Amino acid sequence: MLFNSYIFVLLFLPITIIGYFSLNKFNLHKPAMVLLLGMSLWFYGYFNQTYLVIMIGSILVNFLIYKSFKLFKDNQKIKKCILVFGLALNIAVLFYFKYFNFFIDNINSIFKTDFFVESFLLPLGISFFTFQQLSFVIDSYKGEVLDYNIIEYACFVSFFPQLVAGPIVTHDELVPQFSDISKKKFDWNNFSKGLYAFAIGMAKKVLIADVIGNAVNWGYGNINSLNTTSSLLVTILYTFQIYFDFSGYSDMAIGMGKMLNIELPINFNSPYKATTINEFWDRWHITLTRFFTKYIYIPLGGNRKGKGRTYLNIMIVYLISGIWHGSNWTFIFWGVCHGVFCVITRHFNKFFKNLHPALNWIITFSFVNLMWVFFRADSMNDAFCVVKKLCIADFGVVPKEFISTVITAEWSFISSQISFMANNQGLILMAYLVVSLVIVLGTKNVKERLQSFKPSVFTSLMISFLLVLCIMSFSGVSTFLYFNWFCKVKMKK
């Protein structure tokens, strides 16, 4: 189920909030948790019930692993065996569903084999809930997990606001909140803050990301028709699209958590304001960076074993990050390039510190823009074609077909009433660029907004306006960028 859908906004969310707090009001705390779990499973299995089998199976197996650690708490050898089994099993499941087709495609390419490929949908959010359970298994092995029952654990894994695109939460952040009696009572202040964050996030997704995403899709679907001007526009537009798409989802997740009195960690902290690539990754997808730091970078030795080992550890983390993001060489290249640039900026730290902050920002933002080309392109060949278009200095006219992709029904109506806009539709595209740049660089993020938020008539009207406008636009929205199509491979010669 999508956040940006009629059934979610008009049915699912009201039922969940009303039902959850109604049961808690009568001290029916366990039934309330069961309701929350049931609604989360409905949310996840709405499009494909097969997803539920995978998720429920994953939850049960990992919970049994957790209980096994408790059972053999005094036998370190058995615990290590259980740990290896748990990590291997989770990684194997993730590999099969997300990377098996990529692996087979490369086998076919290298060895000239002909394995049969049948299309299928990747289980939504499998990367996110697998990483959450990996962290849980590791913490359980270390004895850092309290006594949780199956309902609490299942809610931790399947909690719908953060289920399919993060943030990646840890058990100690979420489970104690489920059992906190003070959070069982409906709170108007939290609800208003949550609704405010939800409305802003949805506006980012529906009113900005989806609209400029049409232009991006056209550009990457017609690479041969692009010149340097349109290639530059496509590249910048995707930089804004992925920001507003992912940031919008994260804002909505935080907002829905607030409505239920649950605090979720911030996942974005104005990342395009970063003046170095290291700062960018401290601000972008914060919970993923935290996961890699705690469970990969530090166990590898972090920065404690000399410069050479530190740089190697950084490269390993970014290589894994690229692989995690998708099963394509473009993602691997994207991750490796980020790792190389992080190593360069770390090694020449004094040089970059002596540069003017504005110049550092230009270098960082330009690098991030360029790397998004490889993140978005369907193949390395497509990515290099776009990069080539950027470099040939063919600053021609932008195709009308490209400009028309951002002309929504609302803009068409306005243009029909104002002849100047009808004859200058390129201004609408430029408006999206300017507004996007102003928002990402000149406005507060959701964490800052919530800290200073005070309910008022103005904010109520603004929230209502944004929600109505978004709901009216639902017929033209798309899925979130992290919902990817994949293929299932059957071994057949």
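1. A good place to start is the largest nonpolar core, which has 145 residues; a core here is a set of buried Ala, Val, Leu, Ile, Met, Phe, Trp, Tyr and Cys residues joined through side-chain atoms within 4.5 Å, with buried meaning under 20% relative accessible area (1.4 Å probe, protein chains only). The residues with the most contacts inside this core are Phe8, Phe198, Tyr272, Trp284 and Trp372. Helix α8 (residues 188–221) gives the largest share, 17 residues; helices are DSSP runs of H or I, at least four residues, numbered from the N terminus.

2. Please keep in mind that this is a predicted model, where local features need pLDDT of at least 70, side-chain atom pairs count only at pLDDT 80 or more, and totals for chains, interfaces and linings use all residues. Residues are numbered from 1 along each chain as its sequence is written, and side-chain values use heavy atoms, without hydrogens and water.

3. Another core lies apart from the largest one and has six residues, including Phe69, Ile82, Leu83 and Tyr141. The ring of Tyr141 also has the charged end of Lys79 over it, 5.4 Å from its centre (NZ of Lys or CZ of Arg within 6 Å of the ring centre and within 35 degrees of the ring normal).

4. Do look at Phe3 and Phe43, a tilted aromatic pair with 5.7 Å centre to centre and 35° between the planes (centres within 6.5 Å; under 30 degrees is stacked, over 60 edge-to-face, the rest tilted). Phe3 lies in the segment before α1 (6–25) and Phe43 in helix α2 (residues 29–45), so the pair ties together parts 40 residues apart in sequence.

How values were computed. Phe/Tyr/Trp six-rings, centres within 6.5 Å; stacked < 30°, edge-to-face > 60°. Helix = DSSP H or I, 4+ residues; strand = E, 2+ residues; numbered from the N terminus. Buried < 20%, exposed > 50% of the residue type's maximum accessible area, 1.4 Å probe, protein only.
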